[in-house]
Amino acid sequence: MTHVPLLGKLETVPVTEVWSHEAYVFTPWLLENADRLGDALGMDLELTVNEHPIGDFYLDLLGHDISTGETVIVENQLQKTDHSHLGQLLTYAAGVDEVSNIVWVAPEFRQEHRAALDWLNTHTQEGTRFFGVQISAVRIGDSAPAPLFTVVSQPNGGAAGA
């Protein structure tokens with residue numbers, strides 16, 4: 001007799017049901033769970049500072065790839081990408097010395113913003129890499145939600161240091 005496995009159904013959970021506020025909930029969660037983002041990026045990611053001052057502005061997260069020593073900055077948001085956050089990303093990249101990896105995390109990337117990241121990857125100096133990472137949340141049945149990171153834009157070489 002063949003045993004038929006009982007399987008659950010994977011469901012998407014709105015990110016704002018998991019992380020109710022970008023600055024007060026999502027950014028601190030990313031700071032504490034950098035390894036999950038790092039896995040998606042192919043980095044041994046350690047985030048050490050949140051709300052790092054850049055002039056009159058504040059970078060969401062600053063850290064480094066432990067395996068390469070390269071600096072990593074993260075700009076995150078809980079809504080579809082917008083021009084404001086793209087501008088912030090570039091401002092923060094310009095304000096951090098020797099930044100190698102610039103990461104933008106959002107639940108949905110507009111095609112124009114993916115294209116902008118791709119363009120930056122082909123037009124900036126060697127060793128400067130831009131990543132777009134989509135954040136979503138999933139669960140099976142009544143389980144706790146789980147984060148799901150999907151890289152949607154990256155340098156031609158793939159992961160950091162490649």
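How are α2 and α3 oriented relative to each other? I will start there, with the reminder that what we have in front of us is a predicted model. Helix α2, residues 22-32, and helix α3, residues 34-41, pack at an angle of about 75 degrees, with their axes 5 Å apart. Since angles of 65 to 115 degrees count as roughly perpendicular, α2 and α3 are therefore roughly perpendicular to each other.

As for the residues that make this contact, Trp29, Leu30, Leu31 and Glu32 on the α2 side meet Ala34, Arg36 and Leu37 on the α3 side. By character, the residues of the contact divide into five nonpolar, two charged and no polar.

Leu37 takes us on to the interior, because the largest nonpolar core, with 24 residues, has Leu37 and Val105 as the residues with the most contacts inside it. At least two residues of this core come from each of α2, α3, β2 (45-54), β4 (71-76), β5 (99-106) and β6 (129-140). Leaving aside residues up to four places away in sequence, Leu37 touches Leu30, Leu45, Val74, Val105, Val133 and Phe149. There is also a second, separate core of 17 residues, which includes Val96, Trp104, Ala106 and Phe130.

Finally, I would like to turn to a charged residue, Glu70, which is found in the loop between β3 (57-65) and β4. Its relative accessible area is 18%, and since buried means under 20%, Glu70 is buried. The side chain of Glu70 makes a polar contact of 3.1 Å with the side chain of Asn101, and another, of 2.4 Å, with the side chain of Arg129.

How values were computed. Residues are numbered from 1 along each chain as its sequence is written. This is a predicted model: local features need pLDDT of at least 70, side-chain atom pairs count only at pLDDT 80 or more; totals for chains, interfaces and linings use all residues. Side-chain values use heavy atoms; hydrogens and water are left out. Axes are lines fitted to C-alpha atoms, for helices over the stretch in contact, and angles run from 0 to 180 degrees between N-to-C directions. Helices (H or I, at least four residues) and strands (E, at least two) are DSSP runs, numbered from the N terminus. Angles under 35 degrees count as roughly parallel, over 145 as roughly antiparallel, 65 to 115 as roughly perpendicular and the rest as oblique. Contact means heavy atoms within 4.5 Å. Ala, Val, Leu, Ile, Met, Phe, Trp, Tyr, Cys and Pro count as nonpolar, Asp, Glu, Lys and Arg as charged, and the others, Gly among them, as polar. A nonpolar core is a set of buried Ala, Val, Leu, Ile, Met, Phe, Trp, Tyr and Cys residues joined through side-chain atoms within 4.5 Å. Buried means under 20% relative accessible area, exposed over 50%, partly exposed in between (1.4 Å probe, protein chains only). A polar contact is a pair of N or O atoms within 3.5 Å; within protein, one must be able to donate a hydrogen and the other to accept it, and residues adjacent in sequence count only if both atoms are side-chain atoms.
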